[in-house]
Amino acid sequence: KKMADEEAAYIKVIVNAVDDSVIKEQQCPPTADISTLKGQFAPGVDNADVQLSYNGENLSDETRLSDISSAGVQVQLTLHLPAKLDQVPKASSVAGDNRVDKSVSFQKQDGQAPAGEKGRLQHSKSDSYCMPATLSVSVDDNKKVLVFVQKCKFSKPFLGGYRHKGTAVEYHNAGTQTAKPSLQTILSKDIVQRETQTYFTKNILQQTISDAATQMSKTGCFVSSKTDKVLYAGKYETAEEYHKKRYDAVLVIQRYVRRWLAVKYVEGLRRERKERLIWETEQSERRKTEREERIKREFARRLNPKTKEDFEVLYHALEMWRVEELQKIRDTTSGPEQKAALCELLEQEAELIASIGKHKVLADKENKQRVTHTLLDNMSAPRKWISFDGGTTEMSTPYTVRAQQLKELYQTLSTENLTSDERLDALLSLKVTVSEHNCKLTQEIVQLIDREADLLQRGMVGDTLSGLRKRILTLFLQYIKTPLFNPAASAHIKVPADPSLLKAKVHYCRSCSSYLPSTEFELTSNSRVVGHCRRCKELDNAARSREDHTLYRALLKEIKISEESFNDGSRIIYLFQESDIQHLIESVWASQSVLSAAMELPELVLVRWDRREQWSPWNCVLLTRDEAIAHEQLDSLERGYGKALVQKVTSRHVLAKSYFTKLPHFKDQMESKVIIPPLVKGQHRVVSLN
């Protein structure tokens, strides 16, 4: 655009000779006058002898181009030279070739040229020849061209020549060359260009010439015509017939291509359907296998109960059996027969409760032993930390060494089938160990040791010493748990060394009339008082309602782990207990998936309805595990589920929010008091629903 604007600001001047032949074209500014143009188009000629005319009218030297035309317009001027010049110029300068055409003759400005010579400038050494400003050049067809000579300030070098033998005239070789540009002019130009520094190669395939020949039969040469063919002219094909044939061929190609695309599309659908069926079969088998394994685990838990959750399952199964049998008795009997059946049902229930009690005693014994061994292992474990090279460094302190000695002594004393001498050695080691401290506990242990040693020396063996040995183990375990005798136990006991710390976090249980720490009480989201302790609630549940909270407890734990993976400060879930989750599932969501209405509680999970907001009773939805995975990938809920389902879920959220009205208050308190510890470097909160 800039170049176009600059060209529009000039006037294009075309100078013609009298015979309308073009002499020169040039861009001139509008302010240029005729006198300047004469000097440019007829250099070396006096301006008074040169005349420029426009449309037949002569122009004065003071006339400007802007007076006869405007910027951006083409102007044609006619150049008139004096009569002594034979012809108007048709070239503006001498050509750059060093050779001069022999068909061109040079004349001086007065019109006289060397007689009989062409192609060289003739002069003798004695003649003082001065190159004129213009030369008139005659061409073979008797046309004359005016050539303007640009005189150089330097002396031209001698390029050789020859002498005419007949006339003894010397002829020097002439040369033409433009003036050497100055260094400033060279440096001002862009002489470093990519085109001059980059060499682009190009590969072109060409068909080389192959010689061929034909041979006909003639005298002395026989050529067989056995393989010759006779060609006959076929039917003439018009352009319309040719194009119709091509059009029909295109239609055939399109049909085959469309058939190929259709077959390919159908094969893709068939392959996707097959993969989908295989995936559904695998998922069905996986769910079936998981269900069978879950049933096996439940039967194993019922046959060999060990934890509180296992006994909850047993009591819940007992209650379900009792309700079913009671309903059957009420439907099939009446009167005295019904009373007898109820008495029999009561006896069976009592027997089952007694059997469960026996299992519970055995499980408590095993759990107590396991807890004791775990405590001793933790006390005697050396201190560990990760070193700079990624390895683990262990260090045993005097406290851990002391705990290790006490642990080994306890294991020796608890070992059965020891001989009398081995038992006496273990009792002697125990006596030496506890004699280091003099208190009521150690004195009692020493008395029991002396009593057992005396009985062993008298030959008492077998079950008669089992009670005495249990008392010694119990007192020695109490000795191990005392921080005064075992400093390593101070980090593993629940009761703090300072009793004043218990007063601030101790509450009274009205059921068992005991003062217990706050951790032994369970608070629901809508609780107003502390209520009963956990032990009393478990006893009441086993005696009355016999509900199984195992699934709700596992679901609550899974929700907490899932919320930690979001890492967005979600804290409402930490206020929930098993009973709150039970109410949310049974009363709000009717114990079934909102999409598929699946009612298998182990397969259901509570996930966020809107992933951008924190989990809460009014921002959750009950789905199966497979549905939850698909729900996590949705970008828009309305586009994914539709308005009807969104309104249904919204109504459930309103119902949940009306029940859990006290949650926002608890949330504010928790945000100001509870601090969730950050993740240790290298850990990740990743939860998988599979």
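# A walk through the model

Ile253, Val257, Trp260 and Leu261 make up a nonpolar surface patch, and their combined accessible area is about 410 Å². The structure is a predicted model. One member of the patch, valine 257, sits in helix α6, which covers residues 239–303. Valine 257 has a relative accessibility of 40%, so it counts as partly exposed.

Next come the rings. The whole structure contains 9 aromatic pairs. Tyrosine 479 and phenylalanine 485 are stacked, because their ring centres are 4.5 Å apart and their planes meet at 15°. The limit for stacking is under 30 degrees. Both tyrosine 479 and phenylalanine 485 are buried. The rings of tyrosine 508 and tyrosine 515 also pair, with centres 5.0 Å apart, but their planes stand at 50°, so this pair is tilted. Tyrosine 508 is partly exposed, because its relative accessible area is 37%. Tyrosine 515 has 64% relative accessibility, so it counts as exposed.

Tyrosine 479 and phenylalanine 485 also belong to an aromatic cluster. Tyr410 and Phe476 are in that cluster with them.

Rings also meet charged side chains here. Arginine 608 lies over the face of phenylalanine 566, 3.9 Å from the ring centre. Lysine 657 lies over the face of tryptophan 618, and there the distance to the ring centre is 5.4 Å.

Now the strands. Strand β11 spans residues 383–386 and strand β12 spans residues 392–395. The two run antiparallel and are joined by 4 bridges. Lysine 384 has glutamate 394 of β12 as its bridge partner. Together β11 and β12 form a hairpin, with 5 residues between them. Glycine 390 lies in the turn and has a positive phi of about 90°.

A second antiparallel pairing joins strand β13 (residues 506–509) to strand β14 (residues 514–517), over 4 bridges. Here valine 506 has proline 517 of β14 as its bridge partner. β13 and β14 form a hairpin too, with 4 residues between the strands. In this hairpin, serine 513 takes a positive phi near 55°.

Positive phi also turns up in other loops. Alanine 168 is not a glycine, yet its phi is positive, at about 60°. Alanine 168 is in the loop between β9 (161–163) and β10 (170–172). Its relative accessible area is 52%, so alanine 168 is exposed. Asparagine 417 is another residue other than glycine with a positive phi, near 60°. The loop that holds asparagine 417 runs between α9 (398–414) and α10 (420–434). Asparagine 417 is exposed, because its relative accessible area is 78%.

Last, the charge pairs. Side chains of opposite charge can pair when their charged atoms come close. The structure holds 32 salt bridges. One of them links arginine 163 to glutamate 170, with the closest N and O atoms 3.0 Å apart. What is the burial state of each partner, buried or exposed? Arginine 163 has a relative accessible area of 52%, so it is exposed. Glutamate 170 has 19% relative accessibility, so it counts as buried. The cut-off for buried is under 20%.

Another salt bridge joins glutamate 325 to lysine 328, and its closest N and O atoms are 3.9 Å apart. The cut-off is within 4 Å. Both residues lie in helix α7 (residues 308–332). They are 3 residues apart, about one turn of the helix. Glutamate 325 has a relative accessibility of 22%, so it is partly exposed. Lysine 328 is partly exposed as well, because its relative accessibility is 44%.

Aspartate 610 forms a salt bridge with arginine 612, where the closest N and O atoms are 3.2 Å apart. Aspartate 610 counts as buried, because its relative accessibility is 17%. Arginine 612 is exposed, because its relative accessible area is 75%. Elsewhere, shared partners link salt bridges into one network of Arg286, Arg287, Glu290 and Asp626.

Notes. Residues are numbered from 1 along each chain as its sequence is written. This is a predicted model: local features need pLDDT of at least 70, side-chain atom pairs count only at pLDDT 80 or more; totals for chains, interfaces and linings use all residues. Side-chain values use heavy atoms; hydrogens and water are left out. Patches are made of residues with over 30% relative accessible area and no salt bridge: like charges are joined within 9 Å, nonpolar side chains (Val, Leu, Ile, Met, Phe, Trp, Tyr) within 5 Å. Accessible areas come from the Shrake-Rupley method with a 1.4 Å probe; for residues, only the protein chains shown count as cover. A salt bridge is a side-chain nitrogen of Lys or Arg within 4 Å of a carboxyl oxygen of Asp or Glu. Buried means under 20% relative accessible area, exposed over 50%, partly exposed in between (1.4 Å probe, protein chains only). Rings of Phe, Tyr and Trp (its six-membered ring) pair if their centres lie within 6.5 Å; planes under 30 degrees apart count as stacked, over 60 as edge-to-face and the rest as tilted. A charge sits over a ring if NZ of Lys or CZ of Arg is within 6 Å of the ring centre and within 35 degrees of the ring normal. Two strands pair if DSSP finds at least two bridges between them.
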